[in-house]
Amino acid sequence: MRLSQAFQPTLKEVPAEAQIASHRLMLRAGLVRQTSSGIYTWLPAGLRVLRNIATIVRQEQDRIGGQEILMPTVQSADLWRRSGRYDAYGPEMLRLEDRHGREMLYGPTNEEMVTDLFGSTVKSYRELPKMLYHIQWKFRDEVRPRFGVMRGREFYMKDGYSFDLSYEDAVSSYYRIMLSYLKIFRRLGVQAVPMAADTGPIGGELSHEFLVLAPTGESEVFYDAGWDEIDWDSIGLDPQKEEDLQKLREIVKTTYSATDEKHDLSAWEAVPEDRRRGGRGIEVGHIFYFGTKYTESMDVEVSGADGAPLHPHMGSYGIGVSRLVGAIIEASHDEAGIIWPEEVAPYRAVLLNLRPGDELCDQLCESIYSRDPEGLLYDDRSDRAGVKFNDADLMGHPWQIIVGPRGAKAGMVELKHRASGERSELPLDEALAKLGLG
């Protein structure tokens, strides 16, 4: 994309309504614009980030047998009456009527809908287990929306649902998805620690929330340094092997982690002092096992091996895709702007032409840009070099390819790594090879 043609409305001034870094930077970098309280339009660069996160979530969920569906945003109130949650959910639910007077709602979650779908199609134990998920917009009428996309009313979320024959099978599904989540957050470039949590309005017996460590987090967290030391990519746990899931359960059981709400002082004192870590965390995911709560209340059964009917055990698994955009920025920024992890960034690199109109600069930039016009943002504007450097840092592209008259004459470009700030002057071919564009 050529920046001269892009819809990338950056702001020089800090918006008065933005109270935290991610909200300020998302507005200043042209990722979103507010349309009403807690509701945002996602602009092209922000939408690219949103899609990159969703792609990583899909890939990791598909690897453990998840199957993607897409459920509607508007649901029938009758479904929620079957589960008993319609009147109990509270004012966060947006309730409405269609033209025929039928009561509807804008879905804050999808347990009822997916349970009804499952019950209408799956009839035998032979068809289990099943793991279904979708990535869809949700709405919860927050009494006080704030912090941009971190606590908005409309949000983009992945929610998944497992169906198993027994408690033991359901717990295996629970930890299989926990392992998938830990790998997702690793790929997103954030440190997310699973912590025992309350089940809230979804209900259930087993629950963990995943918190990204960031100074502006809403929860105070306490955890063993062991969580910082685990490389979930190389640890070698196979989500399809029961013995590896047992190892994960043991890690969770023996490596302390808790929010202030669940903090256990006696257990905390058992953690060696030099291994105690604390800070603040932003919730970006939540998983639940709730057994037969919904299959019983909604009268959903399958026939067992002996022919007798049974209620499948269920779990629910959420990741806040749009919330993660804000959480990643909170965890990865500096005074100049955003610092995107490479798999999340809207563009892999920004190409800065410091002298548009200079024949050699233009030729060299066009040659580089032609290598990957989808993955590169080409700053071809006629602005001063300082403006281009400031905007590049603000928007947070992992790499900056800097082309000036002196370097172009010698066939050299300068590379700047946004995260470290390191700059190096390299021959064009070497620079392109380093970025995978050779």
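Trainee: Let's start with the overall make-up: how many helices and strands are there in the chain?
Mentor: Happy to start there, and keep in mind that this is a predicted model. The chain has 438 residues, and 53% of them are buried. Its secondary structure comes to 14 helices and 23 strands.

Trainee: What radius of gyration does the chain have, and what would a compact globule have?
Mentor: The C-alpha atoms fill a box of roughly 80 × 60 × 40 Å along the principal axes. For 438 residues, a compact globule would have a radius of gyration near 22 Å, and the chain agrees with that, at 24 Å.

Trainee: Into which domains is the chain divided, and how many residues of each are in contact with the other?
Mentor: The division gives domain 1 (3–337) and domain 2 (347–435). Their C-alpha centres lie 38 Å apart. Even so, the two are in contact, through 12 residues of domain 1 and 13 residues of domain 2.

Trainee: Which residues touch the most other members of the largest nonpolar core?
Mentor: That core holds 77 residues. Its largest share, 11 residues, comes from helix H5 (residues 167–187), and at least three residues come from each of domain 1 and domain 2. In general, nonpolar side chains in soluble globular proteins tend to be buried together. Here, the members touching the most others are Ile53, Phe185, Leu188 and Trp340.

Trainee: Which residues does Ile53 touch, leaving out those up to four places away in sequence?
Mentor: Several of them belong to helix H10, whose buried residues include Val321, Leu324, Val325 and Ile328. The full set for Ile53 is Leu188, Val321, Leu324, Val325, Ile328 and Val344.

Trainee: How many residues of helix H10 are buried?
Mentor: Helix H10 spans residues 321–331 and is mostly covered. Its buried residues include polar ones by name, among them Ser322, Arg323 and Glu330. The count of buried residues in H10 is 10 of 11.

Trainee: Is Ser162 buried or exposed, and which side chain does its own side chain meet in a polar contact?
Mentor: Ser162 is found in strand S8 (residues 154–164). Buried means under 20% relative accessible area, so Ser162, at 0%, counts as buried. Among the residues it touches are Lys130, Ser173, His313 and Tyr317. The polar contact, at 2.7 Å, is with the side chain of Tyr317.

Trainee: Where is Thr255 placed, and which backbone oxygen does its side chain reach?
Mentor: Thr255 sits in the loop between helix H7 (242–254) and strand S12 (257–259). Its relative accessible area is 12%, so Thr255 is buried. Beyond residues up to four places away in sequence, Thr255 touches Asp224, Gly226 and Trp227. At 2.8 Å, its side chain reaches the backbone oxygen of Ile251.

Trainee: Is Pro373 buried or partly exposed, and what separation is there between the C-alpha atoms of Pro373 and Arg2?
Mentor: Pro373 lies in the loop between helix H11 (359–369) and strand S20 (376–379). With a relative accessible area of 38%, Pro373 is partly exposed. Pro373 and Arg2 are 371 residues apart along the chain, yet their C-alpha atoms are separated by 8.4 Å.

Trainee: Among contacts between residues at least 6 apart in sequence, what share joins residues at least 24 apart?
Mentor: The Ser162 to Tyr317 polar contact is one link between sequence-distant residues. Across the chain, with contacts counted from at least 6 apart, the share joining residues at least 24 apart is 71%.

Definitions and conventions
Residues numbered from 1 in each chain as written. Predicted model: local features only at pLDDT ≥ 70, side-chain atom pairs only at ≥ 80, totals over all residues. Heavy atoms only, no water. Core = buried A, V, L, I, M, F, W, Y, C linked by side-chain atoms within 4.5 Å. Buried < 20%, exposed > 50% of the residue type's maximum accessible area, 1.4 Å probe, protein only. Helix = DSSP H or I, 4+ residues; strand = E, 2+ residues; numbered from the N terminus. Domains from an automatic or database assignment. Contact = heavy atoms within 4.5 Å. Polar contact = N/O pair within 3.5 Å; in protein donor to acceptor, adjacent residues only side chain to side chain. Rg over C-alpha atoms; globule rule 2.2 N^0.38 Å.
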